[in-house]
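Visitor: I would like a close look at a single part of this model, the place where one domain meets another. Please take it slowly and give the cut-offs as you go.

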Amino acid sequence: MDIRIKEFKKIVTSPIIIGLLVLFIVYNSIFIFQNSYFREELRVLTRLVDRFGYEIDDEMLEKYRLYYEEQLVSLNKITKEKTSKNYNSMAEFFADYKYGLEDIYDREELGLIMELGIMEAYYNTIEEIDEVYSSLDIMERAESEINKFQLIDKAAETVRNQYKAFSERFQQLVNNKEHKNLFFLGKVYRLHSILFKSLFKIIIFEIIILVVLITAYIVNYEFDNKTEAITYTTKRGRDLILDKLYVSIFSSLVVTTIILLVTLALYFIIFDYSGLWKVPISSYFNTDHNFPYLSWWKMSFVQFLFFTIGLVYSITLLFNGIIFIIARAIKNTYFAFFVFAIIFGLFLILPRLAPNSSNTIFIGAFTPYFLILNPHVWFMEGGAFATFKYHEIVTLVIWALMIWVLSILSIKRFKRQDI
Amino acid sequence: MLIVTNVSKSYGKLSVLENIDIEFSNGVYGLLAPNGAGKTTLIKMLTTLLFPNEGEILYNGTNIFHMGDGYRDILGYLPQEFGYYKNYSARQFLNYLAALKGLERNLAKVRINELLELVGLANVADKKMKKYSGGMVQRVGIAQAMLNDPKILILDEPTAGLDPKERVRFRNLLAELSRDKIVILSTHIVSDIESIANEIIMIKDKKVLYKDSINSICKTLEGMVYETSIDYAQANRFRNHYFSLSEKQEGDKMKIRFISENKLDDSWESVSPNIEDVFLYVYKDEVIKEG
């Protein structure tokens, strides 16, 4: 225990590691603040969900409509008084005022205008759901993905098969009415992209950089400082490498926790999700591009968030293992970092060289390197290469086994190797 | 007893040591050879850093590589290139190594204080080592090797960086320690060991050339070492005929110490060979190459 504490101290006293950790947290905070200009608008939905709940059904819709009309009447009283005009909808209202609202209405009235505008946007979106979902064709999506990557023969067939399996899930999703739940309007705010595509990707890359540095640093500390002859001839000897592995795992989990905790805490303080945690992630409102996010399993936003966090931790451990093996073989921290970067690049480039007619083209998708590029579609329909029901789990299990075996071999080799 | 039996070591196709047989019992052993002769390779095998290609190394009858931590527990080692952590103080550094050596925390504290006192670093023990002179760092190295009160103490070029006063102090310390230990001291500086080593081991052409007491080794040159004074003008011609061991100025003449199988001139004075003479003579090819 004493040895591991002392090894851990080497990490926490490293100015590079601590400096980078602070820098990353500052960067994430700036990223969140830069995207927070619409946070006030998000509160409109929070209030609506407070009043009507998030599940959309006929009863809820009727209440919603009545409330909206009530509010519109209130607005019309004001507009009548100030401009002698009446409006049937907010769209009509805004068509009249491209600029200059502030000159006519006071702060409180502007608040009502904003709220009503947003209410109407949600209402209109509710109205279009059935039409959108009745025209959604999963197999058409499959063909578009196949065309996008010019897949043929077996590769194309695999994509079709996966999407066929996904079609069943899609039917289930529609039957469950997972799509009919209020959530922040994705096409306007793109919060799913901000959180899971941008922020989580940033977080993952930051974690990987730190994990690579920590692991290479601690594994090669003796070789970098030329103390290997002393340390590996002590009673603990080459078993020290095991302590280093455990400490690197522990430290990697610590930095992962710090980055996730601070960043996500700040994110959820800035963006108030209260009342929306249990909304299914496949809600139509979550759509922030042309195609909705459709998860393989029924899961709420908070479940998706926790699964994503869990996967980030798992990926952290995978990269911890990968860099341990590299750093053990290359006894120099910076060179190990460089080799890791090359391997990273190769894993992203090489799969693209596989023939587009063969299933080998999918091997490249089952790597942690591929996985970290698309955290926003984990556990979801994710295009030609990621729409496999157990894509994340299979990748994790295969790589965990490979890394486990290679780590054992690496440690065994180290114990029989000239130093 | 530590026994090296028929040990060979090569790096790829480059053979460094061949069929080495040495026995060590308590006492100081001076491993004497020029740089590159395989001293460090032998030491690294004795400290389990390198694995022999052939042969085995036994401690009290058991292969040291099979003994594992049982062997390393009785081993103290100061490598030739002694690395340390610049931002650690001597006390922190020794504490870290004490943990690796499995010393209980309180015992380590006492032991570290004793050793810091012994190597004369008690008053700077909490200063960062990056502020230390080369000699001070080397003394930390000596202290760490003795942390676990080892039965086998292996020191590779331990006096590098020490000033003459520190060297004397270190030699006395070793003489004191060696009563109940195997002390193996590798050096190419003859004066480091000639006064304290019970036996000298010389390696040449990948093999053990001598393993004997200083007296016995010196006897190999008995009657072959002479001193004489010559004119400077004759120096080059003299060196071409005889192997010069040392030369010094004496008035307008040069006093030369050299090797000759026979006494060819009455002015030559026969002197007792010392270990340095043997070293220079045995490694004359290497010395010339190095020079």
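Which domains does the domain assignment give for chain A, and which residues belong to each?

Guide: The model is predicted, so to speak, by computation alone: local features need pLDDT of at least 70, side-chain atom pairs count only at pLDDT 80 or more, and totals for chains, interfaces and linings use all residues. Residues are numbered from 1 along each chain as its sequence is written, chains are lettered from A and ligands numbered from 1 in the order in which they are written, and side-chain values use heavy atoms, with hydrogens and water left out.

In chain A the assignment gives domain 1, made of 2–37 + 137–415, and domain 2, made of 57–135; such bounds come from an automatic or database domain assignment. Taken over C-alpha atoms, the centres of domain 1 and domain 2 of chain A are separated by 42 Å. Where the two domains of chain A touch, 16 residues of domain 1 are in contact with 13 residues of domain 2, contact meaning heavy atoms within 4.5 Å. Together domain 1 and domain 2 of chain A bury about 1,100 Å², with 71% of it on carbon and sulfur atoms, where buried area is the accessible area (1.4 Å probe) that two parts lose on being put together, summed over both.

Between these two domains of chain A the count is 1 salt bridge, that is, a side-chain nitrogen of Lys or Arg within 4 Å of a carboxyl oxygen of Asp or Glu. A:Asp130 forms a salt bridge with A:Lys180, and the closest N and O atoms are 2.9 Å apart. On the side of domain 1 of chain A that touches domain 2, the largest share, 3 residues, comes from helix H9 (residues 153–175) of chain A, helices being DSSP runs (H or I, at least four residues) numbered from the N terminus. The residues of that side of domain 1 of chain A divide into 12 nonpolar, 2 polar and 2 charged; here Ala, Val, Leu, Ile, Met, Phe, Trp, Tyr, Cys and Pro count as nonpolar, Asp, Glu, Lys and Arg as charged, and the others, Gly among them, as polar.

Over all chains the structure holds 72 aromatic pairs, meaning rings of Phe, Tyr and Trp (its six-membered ring) with centres within 6.5 Å, counted as stacked with planes under 30 degrees apart, as edge-to-face over 60 and as tilted for the rest. The rings of A:Tyr133 and A:Phe170 have centres 5.9 Å apart and planes at 10°, so this pair is stacked. The pair links distant parts of the chain, 37 residues apart, with A:Tyr133 in helix H7 (residues 107–135) of chain A and A:Phe170 in helix H9 of chain A.

Terms used: Helix = DSSP H or I, 4+ residues; strand = E, 2+ residues; numbered from the N terminus.
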